[in-house]
Structures are given as structure tokens and as C-alpha cells.
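User: I'm new to reading protein structures, and I'd like to take a slow, close look at one part of this one. Could you walk me through it in plain words?

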Amino acid sequence: MSKFLYVIAGIVTFLAFILVMAPASLLVAAVEDQLKAVPDLKVGHISGRVWSGSAQIQYQQFPTTVTWDLSALSLLVGRLSADVELREQGLDASFHLSVSGNEGTIRDAKAVVDARYINRISVGYGLDLSGQFNLSEANVSFANQWITTAVGNLDWPGGIVHIETPQQLYSVDLPPLNGDLFMHEDNLRLAVQGSGERMLDLTLKRTGWVAAAVSYAFMDLAGLPLPGSVSASPEEPAVLLEEKIL
């Protein structure tokens, strides 16, 4: 009996050694199908181990380094639990990820994003930002490859924004803006307020389309030409843009 226990202990020790020393690429390979479901997402160099590793990823013009620390105890009950960080020049973010089967949560998400990081893509749409955006108190639940609940707060301290239109380039000094992240029906929404009025409404739909509604209040604040009826409610959308991103 004692020999049998020694054999079992040896096997367990060997398997534990294999798991601890397993390269991080195995973890990335395990979620390869989920990664392929995101268009324009590329995975580059992978280093470290399954339990503590990093990977270079890029989504469109947004590169970042993802690092993670897995909890071994959570795997014993069939759940993946990890502390995750995203780092790049102009990006500093972190959150706790927990996944079991086809559902999971992102908790305690926070991020500081420099406008220069966002400008990698926003300049192409005629929008040159400044300052830093701060995400706090963000928690997200998901199931069956879509978001089920979401809460969070996004703050921007205000500053100079350059807005290019077909007619001319506008340089606008905007006040501080605050955004609330939430779910409405089956859509993820970010409602941005400023000076007590709705300025911008971003909606991510399950179909992968994102819609940006710019209110008359924002157009007036920025001194931009007002399309349509000038008697419209300030919080009604003056401009609606849509694009498929997922």
C-alpha cells in the first residue's frame, strides 16, 4: 500500500511540475477559437508560463501587452480565475477575470487611457483628443459570448479637442465629461454627460455594430453647424454614425 501511495505522489508531483512549467502559449492556444471570433485581433509574441505569462496583442491600431496571473486553486473547482493587466504607452489597465464554462465576469476593472492612444484611430474620423480618460468601478458579466450586465464610470477632465469637418477645422475647449456604462436591452451603452446635458451616446450591439449619437447640445457647445431643426431638444441626436467593429 505504501508503495502505491509513493507512486501516486510521484505522478501528482510530476503532473504538477508539468503544469507549472507549461509554456504560456498553451493557455493562448486553449482560447484560440474565441480570439479568432474578434476581427482584426492579432496575437504576437507569447512568453512566460501558463500560470504567469504575457502576450503581445493588437486590435486594429491598438497594440498592448497582456500579462496574467492564474489562480491554481480555482482550477480545482473548474473555474479559471486570473488577475489581468494591459500595458502600453498611453494605456494602463487592470481587472480580475473569472470564467466557468461559457460564462464569466470581469471585476474591479480600472484604466487610464491617454488621448494619444485613442488618437491612433480617432484622428482618422476627424477627432483629435487631449488629456486622459479614467475608467473606474467597472464590472461586467458575460455568457454565451455576449455581455449580460455592465456598470462603470468614465471621466475626462476636459480640454482642447480638434474636430475636422468637410468645411473646416474646429478647435474647441470642452468642459469635463462623465460617462456611465450600462446595459440597455441587449446593447452595451456609454452615455456621456457634460454641463448637465447628454452630449454623446455610444451603443455596442450584439451584431458587432457600434453607433455614436452626437446630441444637439454637444454641437452647440462645440460651435459646430447644427443640422436639421434648430428647435430640436438639446439631447436629441444631431449626428448618428454607425460602423461594424466586431
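What percentage of the 246 residues of the protein chain count as buried? And once that's settled, please zoom in on strand E3: which residues does it cover, and how many of them are buried?

Analyst: Before anything else, keep in mind that this is a predicted model. Of the 246 residues in the protein chain, 34% count as buried. The chain has six helices and 16 strands, and about 14,700 Å² of it is exposed, with carbon and sulfur atoms supplying 61% of that area.

Now for your strand. E3 runs over residues 62–70, and seven of its nine residues are buried, so the rest of the structure largely encloses it. Who are its partners? One is strand E2 (residues 52–59), which pairs with E3 in the antiparallel sense over eight bridges. In that pairing, Gln 56 sits opposite Thr 65 of E3. E2 and E3 make a hairpin with two residues between them, and in the turn Gln 60 has a positive phi of about 55°. The other is strand E4 (residues 80–88), again antiparallel to E3, with six bridges. Here you can find Leu 70 facing Ala 82 of E4.

Both of those last two residues turn up again elsewhere. A nonpolar core of twelve residues, separate from the largest one, includes Leu 70 and Ala 82, along with Ala 55 and Ala 138. As a rule of thumb, nonpolar side chains in soluble globular proteins tend to be buried together.

E3 also helps to cover a helix. The buried residues of H5 (residues 115–122) are Ala 115, Tyr 117, Asn 119 and Ser 122. Their cover includes E3 and E4, as well as E5 (91–100), E6 (103–114), E7 and E8 (132–143). Where H5 starts, a side-chain oxygen of Asp 114 comes within 2.9 Å of the backbone nitrogen of Arg 116.

Two of those covering strands lead to other spots. Take E8 first. It holds Phe 133, while Trp 156 belongs to strand E9 (residues 146–156), so their pairing ties together parts 23 residues apart in sequence. The ring centres are 6.0 Å apart and the planes stand at 15°, so the pair counts as stacked. Buried means under 20% relative accessible area. Phe 133, at 15%, is therefore buried, and so is Trp 156, at 5%.

Then there's E7. It belongs to an open antiparallel sheet of three strands, in the order E7-E10-E11. E7 (127–128) and E11 (169–174) are the edge strands with a single partner each, which means one side of each has no neighbour in the sheet. E10 (residues 159–164) and E11 are joined by six antiparallel bridges, and Val 161 faces Val 172 of E11.

That sheet takes us to the largest nonpolar core, which has 21 residues; Ile 163, Phe 218 and Leu 224 touch the most other members. E10, E11, E13 (187–194) and helix H6 (216–222) each give two or more residues to this core, with H6 providing the largest share, five.

Definitions and conventions. Residues are numbered from 1 along each chain as its sequence is written. This is a predicted model: local features need pLDDT of at least 70, side-chain atom pairs count only at pLDDT 80 or more; totals for chains, interfaces and linings use all residues. Side-chain values use heavy atoms; hydrogens and water are left out. Two strands pair if DSSP finds at least two bridges between them. Helices (H or I, at least four residues) and strands (E, at least two) are DSSP runs, numbered from the N terminus. Buried means under 20% relative accessible area, exposed over 50%, partly exposed in between (1.4 Å probe, protein chains only). Contact means heavy atoms within 4.5 Å. A polar contact is a pair of N or O atoms within 3.5 Å; within protein, one must be able to donate a hydrogen and the other to accept it, and residues adjacent in sequence count only if both atoms are side-chain atoms. A nonpolar core is a set of buried Ala, Val, Leu, Ile, Met, Phe, Trp, Tyr and Cys residues joined through side-chain atoms within 4.5 Å. Accessible areas come from the Shrake-Rupley method with a 1.4 Å probe; for residues, only the protein chains shown count as cover. Rings of Phe, Tyr and Trp (its six-membered ring) pair if their centres lie within 6.5 Å; planes under 30 degrees apart count as stacked, over 60 as edge-to-face and the rest as tilted.
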